[in-house]
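Q: Please take one close look at how the secondary-structure elements are put together here. Which ones pair, which ones pack, and at what angles?

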Amino acid sequence: MTRIAAVHGALAPHRRTQSEITDMVARTCLPEGTDRGVLDRLHRGAKVGSRHMTLPLERYGELDGFGAANDAFIAAATGLGAKAVRGALHTAGLIAADVDLLIFTSVTGIATPSIDARLVGRLGLRPDVKRLPLFGLGCAGGAAGLARMHDYLLGRPDHVAVLLSVELCSLTFQRNDASMANLVATALFGDGAAAVVACGGNRPGRPDETVGPTIVDTRSHLYPDTGRVMGWDIKDTGFQVVLDPQVPDVVRRYLADDVEGFLEDHGIKPKDVTAWVCHPGGPKVLEAVAETLDLPDDALDVTWRHLADVGNLSSSSVLHVLRDTLAERRPPPGTPGLLLAMGPGFACELVLLRW
């Protein structure tokens, strides 16, 4: 089985309170003289206390179109991504030359050469390192990236793989867009990165290391007729968010069957799961997850705290929740855990862990 050797998170440099971000959104997204009551209500209801932003707040009103925002993405993603990978390798006791596969996932910017290619020389990775850039998975990208890493290491059990997620969501906020979807996105999403180092089953670990969880199995499910539930419309101004208010209803309709069926295939019942590593999709989504899975009251505490502290980091968030679970609420050895995230498609990604 795949062993997770390290998880390291990194955040964008400018931390701002929710109220400061709300004021910035009012200036850049609402027409002059518009009543901001709906905006204020949405931002208060997001249950986010602060977020990290790539740029100083005053710079967001100056971003002139998709090109400017994407240039900012490339520059910042390269630096933040390098920081996350270096931290993860250091924690795992490995060096850059040990890495055989680098997976990169993001949905908040595009680059060719891809960000992973730009990091090879900067990090000192081998020139023959395999690379797999992933785009379009959105909030599910962290979980899906772990799953694809596991697939690779099953076939190369002596290899080391790194998954890097960088999401600079603030660069996608649409100026002069007072739509409900844009206002909800500006209430929830923040900027950050995370890197995971994993080793195949035949690669020996350090004798002094704290053993991370192993990946037992993974499952993906793409739900029918949900293509417009979540995603992007690509405009001249960049990524315009598609966010249907029915997302919690989709969760209630499908998630329990997926989770229970997946666990049952391994002889596990939901009550046996000792840690739920859940992506913080937003208050209504988390409430739907807890309700449909009938979770204990404290099951998603780490996820709720992450949402309050830094907001939703898209694909990076579930990896931050995994890191915090390992650091603060490490379950008993040998017990099962479930990592889950949902994203555009609309799709669910499940990763079964053994602590």
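**Strands and their neighbours**

A: Start with one residue pair: the bridge partner of Ala275 in β12 is Gly337. Strands and helices are DSSP runs, numbered from the N terminus: strands are E with at least two residues, helices H or I with at least four. The model is predicted, so local features need pLDDT of at least 70, side-chain atom pairs count only at pLDDT 80 or more, and totals for chains, interfaces and linings use all residues. Residues are numbered from 1 along each chain as its sequence is written, and side-chain values use heavy atoms, with hydrogens and water left out.

That residue pair belongs to a parallel pairing: β11 and β12 (residues 336-343) are joined by four bridges. Two strands count as paired if DSSP finds at least two bridges between them.

Now the whole sheet. It is open, has nine strands and mixes its pairing. The order is β5-β4-β6-β7-β1-β8-β13-β12-β11. The edges are β5 and β11 (275-278); each has a single partner strand, so one side of each has no neighbour in the sheet. From one strand to the next, the twist averages 20 degrees. Angles are taken between N-to-C directions and run from 0 to 180 degrees; axes are lines fitted to C-alpha atoms, for helices over the stretch in contact.

Go to the β5 edge. β4 (residues 101-106) and β5 (residues 130-135) run parallel and share six bridges. Within this pair, Leu102 is bridged to Arg131 of β5. Helix α4 (residues 115-123) joins β4 and β5 in a right-handed β-α-β unit. Right-handed means that, with the strands pointing away from the viewer, the path from the first strand over the helix to the second runs clockwise.

A separate strand pair is antiparallel: β9 (residues 230-235) and β10 (residues 238-243), joined by six bridges. Two residues lie between β9 and β10, which form a hairpin. Met230 faces Leu243 of β10.

Next, helix against helix. The axes of α7 (residues 247-264) and α8 (residues 283-293) come within 9 Å and cross at roughly 35 degrees. The α7 and α8 crossing is right-handed; the near helix is turned clockwise from the far one by less than a right angle, whereas anticlockwise would be left-handed. On the α7 side, the contact residues include Val247, Val251, Leu255 and Val259; on the α8 side, they include Val285, Ala288, Val289 and Leu293. Contact means heavy atoms within 4.5 Å. By class, this contact of α7 with α8 has 10 nonpolar, one polar and three charged residues. Ala, Val, Leu, Ile, Met, Phe, Trp, Tyr, Cys and Pro count as nonpolar; Asp, Glu, Lys and Arg as charged; the others, Gly among them, as polar.

Last, helix α1 (residues 18-29) and α6 (residues 180-188). Their axes come within 10 Å and cross at roughly 150 degrees. α1 and α6 are therefore roughly antiparallel. The cut-offs: over 145 degrees is roughly antiparallel, under 35 roughly parallel, 65 to 115 roughly perpendicular, and the rest oblique. This crossing of α1 and α6 is right-handed. Gln18, Ile21, Val25 and Cys29 of α1 meet Asn182, Leu183, Thr186 and Ala187 of α6. The residues in this contact of α1 with α6 are five nonpolar, three polar and no charged.
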